[in-house]
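Me: I'd like a close look at one part of this model, the sheet that the two chains build together. Could you take me through it slowly, and then through what surrounds it?

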Number of protein chains: 2
Amino acid sequence: MAHPAHSHGQHHSRADLAAAAQARLKSAGEQWTPLRATVFAALAGYDRPVSAYDVTDAVSTASGRRIAANSVYRILDLFVANNVASRVESANAFIANVHPDCPHDCIFLVCDRCGGATHVDDDRITGDVRSAALAAGFTPERPVIEVRGLCANCA
Amino acid sequence: MAHPAHSHGQHHSRADLAAAAQARLKSAGEQWTPLRATVFAALAGYDRPVSAYDVTDAVSTASGRRIAANSVYRILDLFVANNVASRVESANAFIANVHPDCPHDCIFLVCDRCGGATHVDDDRITGDVRSAALAAGFTPERPVIEVRGLCANCA
DNA sequence: GCCAAGGATGTAATAATGTAACACCAATCG
DNA sequence: CGATTGGTGTTACATTATTACATCCTTGGC
């Protein structure tokens, strides 16, 4: 555990990302079951947002039996609620959170060509968005900030 | 046409909003057909984001015959492409654009309780989001900036 | 007038995404 | 042991979105 890569906390290799996710859930009083581990591994096996059904297929293959979509949805929702994964609204898709440890509002740059997503943290921007909401008399709970466009490779 | 309410252009009463939408489409070389007018009227008849299927039902009722969802989708997509309506990604829903005349990136504050949405314009924030994308080597096409939470009435 | 071309809509089917209701099982706690 | 709780299984269904192709209507050229 020695990756002092970022000012805001740790990034994790794919290997110990699961460990971090597990720790995060446990410390929230949630269980880390075999199915949850499998779902997380499937999700973390992609480097782009994937649909719940893609995850379902991957989990089914990994498990050797058919897992129902709704079981996967339950677990993905749990992951999102605990900051272990994020939902990319403009793609109806999910992606593992690279640093479950710090509770940022996320900004996703989603490529319309390759489907990849880059995770950007900019607390000033997200703070400004929350402030703008408050200024309008609105109580912000969950900012959704995404940018559709073309990534560096696809531009 | 005398509502000098905003610094950035005109808001429209429900009555002439349709006229503004029509003008916008025509100037883009698109037709303003009876069905498109009906779809726009249905959409503008709501003050909150509504699903394409809600619009479909409203249009069907208004027309006295069954209109297929995909016809409505086609028209809604056309509206969105021409800034006459917006898609609220986090709600899989559409809403008429209050000022089709100026091509802002929009910020929507979406109430989790009543489903209402407030349209906020803040070019500094949306500009910052685009800048952050560019700084990451990403070519922004369409920022999606929404805030889920509670509106003033529901808080 | 007739025909060709393009745009808009109709029709039908289906895909993709998301949820609800209830059964079952296993662990935990009294 | 019995009750409760959380997790998962199973089934069915609801909602959202797209695809392929047919039809119709207008417009412009001949």
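What order do the strands of the open six-stranded sheet have, and what kind of pairing?

Reply: A quick word on the ground rules. This is a predicted model, so local features need pLDDT of at least 70 and side-chain atom pairs count only at pLDDT 80 or more, while totals for chains, interfaces and linings use all residues. Residues are numbered from 1 along each chain as its sequence is written, and chains are lettered from A and ligands numbered from 1 in the order in which they are written.

Now the sheet. The order is β4(A)-β3(A)-β5(A)-β5(B)-β3(B)-β4(B), and the pairing is mixed. Strands here are DSSP runs of E with at least two residues, helices are runs of H or I with at least four, and both are numbered from the N terminus. Two strands pair if DSSP finds at least two bridges between them. At the edges stand β4 (117-120) of chain A and β4 (117-120) of chain B, each with a single partner strand, so one side of each has no neighbour in the sheet. On average, neighbouring strands are turned by 20° against each other, direction ignored. Such angles are taken between lines fitted to C-alpha atoms, for helices over the stretch in contact; they run from 0 to 180 degrees between N-to-C directions.

Start where the chains meet. β5(A) and β5(B) run antiparallel and are joined by 11 bridges; Val144(A), for instance, stands opposite Glu146(B). Further along in chain B, β3 (residues 107-111) is antiparallel to β4(B), with four bridges between them, and Val110(B) has Ala117(B) as its bridge partner.

Each chain also lays a helix across the sheet. Helix α5 (residues 123-135) of chain A crosses β3 (107-111) and β5 (139-150) of chain A as well as β3, β4 and β5 (139-150) of chain B, at about 130° to β5(A). Helix α5 (residues 123-135) of chain B lies across β3, β4 and β5 of chain A together with β3 and β5 of chain B, at about 130° to β5(B).

How do the copies fit together? Chain A superposes on chain B by a rotation of 180° with 0.0 Å of shift along its axis (RMSD 0.0 Å), using a least-squares fit on the C-alpha atoms of residues with pLDDT of at least 70 in both. The two copies are therefore related as by a two-fold rotation axis. Ile145(A) has the C-alpha of chain A nearest that axis, 2.3 Å away. Both copies use the same surface, as 100% of the contact residues of chain A recur in chain B.

The contact itself takes 31 residues from chain A and 31 residues from chain B, where contact means that C-beta atoms, placed from the backbone, lie within 7 Å. On the chain A side, β3, β4, α5 and β5 each give two or more residues, and β5(A) gives the most, with 12 residues. By class, that side has 18 nonpolar, five polar and eight charged residues. Here Ala, Val, Leu, Ile, Met, Phe, Trp, Tyr, Cys and Pro count as nonpolar, Asp, Glu, Lys and Arg as charged, and the others, Gly among them, as polar.

Methods:
Two residues are in contact if their C-beta atoms, placed from the backbone, lie within 7 Å.
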